[in-house]
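Subject: Structure for you to look at

Hello,

Here is the structure I promised to pass on. Please open it and keep it on screen while you read my notes below.

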Amino acid sequence: EVNVLRLKNGAGRNFLEQERAYNVLCFAEDDWRIQADAALNNSVSYVSPSHPMKTPLGDVITLKDAIGVQTTLDESPASFTKLQIQDPTATNNAIKVTFALNEPGTAYCRATRSDSGETSADMAINQIITASWSQVYTSGDTTIEMTKLENVDPSLTVRDDQ
């Protein structure tokens, strides 16, 4: 796992940034010199090599090209930059949630009746997701229109939470 770039002069280092493209170059050298010099018995004609055998630069470039540019992952969740409920008196049978995110992503909603006794402490993320009210966000404002508690067909769903 690579998570740090060392500066060429060795004076410092930089951590990899999320969602950044990087070229990956890998270099290797053997430790034959260390092993040969430490051998218990050397040939009478043995001469210690001046340096380790190293991967040729052409092979390093070929591997870089084969690997291609690698982009680090986004490690922060999307967050709402806009979240509002449209006028609930505008319609009797729908709740419209308009939202925007700080990055592309998907928002999920679930309505629960205020007289159901269910509280936000009772609500697990998977219950919000399985209500199946969602929209993909790419840019601008996006709306989720909920017309019932869950957007699922009970005859096609096997659940043990009911």
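Start with S132, which sits in the loop between α3 and β8. Keep in mind that this is a predicted model. S132 is not a glycine, yet its phi is positive, at about 65°. Why is that worth a look? Because most residues other than glycine have a negative phi. S132 counts as partly exposed, with 32% relative accessibility.

E19 is another case. Its phi is near 55°, again a positive value in a residue other than glycine. E19 lies in the loop between β2 (13-15) and β3 (21-22). How much of E19 is accessible? Its relative accessible area is 51%. The cut-off for exposed is over 50%, so E19 counts as exposed.

Now step back to the whole chain. It has three helices and nine strands. From the N terminus, the order is β-β-β-α-α-β-β-β-β-α-β-β. The chain has 162 residues, and 16% of them count as buried. Its accessible surface is about 12,600 Å². Carbon and sulfur atoms account for 53% of that surface. Take the contacts with a separation of 6 or more: 52% of them join residues 24 or more positions apart.

Next, the core. Nonpolar side chains tend to be buried together in soluble globular proteins. The largest nonpolar core here has 12 residues. They are V97, F99, A100, L101, A107, C109, A111, A131, W133, Y137, I144 and M146. Four elements give two or more residues each: β6 (95-101), β7 (105-109), β8 (133-137) and β9 (142-146). Which element gives the largest share? That is β6, with four residues.

Two members of the core deserve a closer look.

- F99: leaving out residues up to four places away in sequence, F99 touches F80, K82, L83, A107, Q135, Y137, G140, D141, T142 and I144.
- A111: this residue is in the loop between β7 and α3. At 15% relative accessibility, A111 is buried, because the cut-off is under 20%. Beyond its neighbours within four places in sequence, A111 is in contact with I95, M146 and L149. The C-alpha atoms of A111 and I95 are 8.3 Å apart, and the two residues are 16 apart along the chain.

Compare T81 in strand β5. Is T81 buried or exposed? T81 is exposed, because its relative accessible area is 54% and the cut-off is over 50%. T81 still has contacts further along the chain. Not counting residues up to four places away, T81 touches A100, L101 and N102. The C-alpha atoms of T81 and F99 are separated by 7.4 Å, with their positions 18 residues apart in sequence numbering.

Last, the largest pocket. It holds about 350 Å³ of space. There are 16 lining residues, and F80, A107, Y108, C109 and I128 are the closest to its centre. Which elements supply at least two residues of the lining? They are β5 (80-85), β6, β7 and α3 (125-130). By type, the lining divides into 13 nonpolar residues, two polar and one charged. A107 and C109 also belong to the largest nonpolar core.

When you go through the model, try finding S132 and E19 by their positive phi values. Then trace the core from β6.

Best wishes

Terms used
Residues are numbered from 1 along each chain as its sequence is written. This is a predicted model: local features need pLDDT of at least 70, side-chain atom pairs count only at pLDDT 80 or more; totals for chains, interfaces and linings use all residues. Side-chain values use heavy atoms; hydrogens and water are left out. Buried means under 20% relative accessible area, exposed over 50%, partly exposed in between (1.4 Å probe, protein chains only). Contact means heavy atoms within 4.5 Å. Accessible areas come from the Shrake-Rupley method with a 1.4 Å probe; for residues, only the protein chains shown count as cover. A nonpolar core is a set of buried Ala, Val, Leu, Ile, Met, Phe, Trp, Tyr and Cys residues joined through side-chain atoms within 4.5 Å. On a 1 Å grid over the protein atoms alone, a cavity is a set of points where a 1.4 Å probe fits but cannot get out, and a pocket is an open set with protein on both sides within 12 Å along at least five of seven lines; lining residues have an atom within 4 Å of a point. Grid points are joined across faces, edges and corners, and a volume is the space filled by probe spheres set on the points. Ala, Val, Leu, Ile, Met, Phe, Trp, Tyr, Cys and Pro count as nonpolar, Asp, Glu, Lys and Arg as charged, and the others, Gly among them, as polar.
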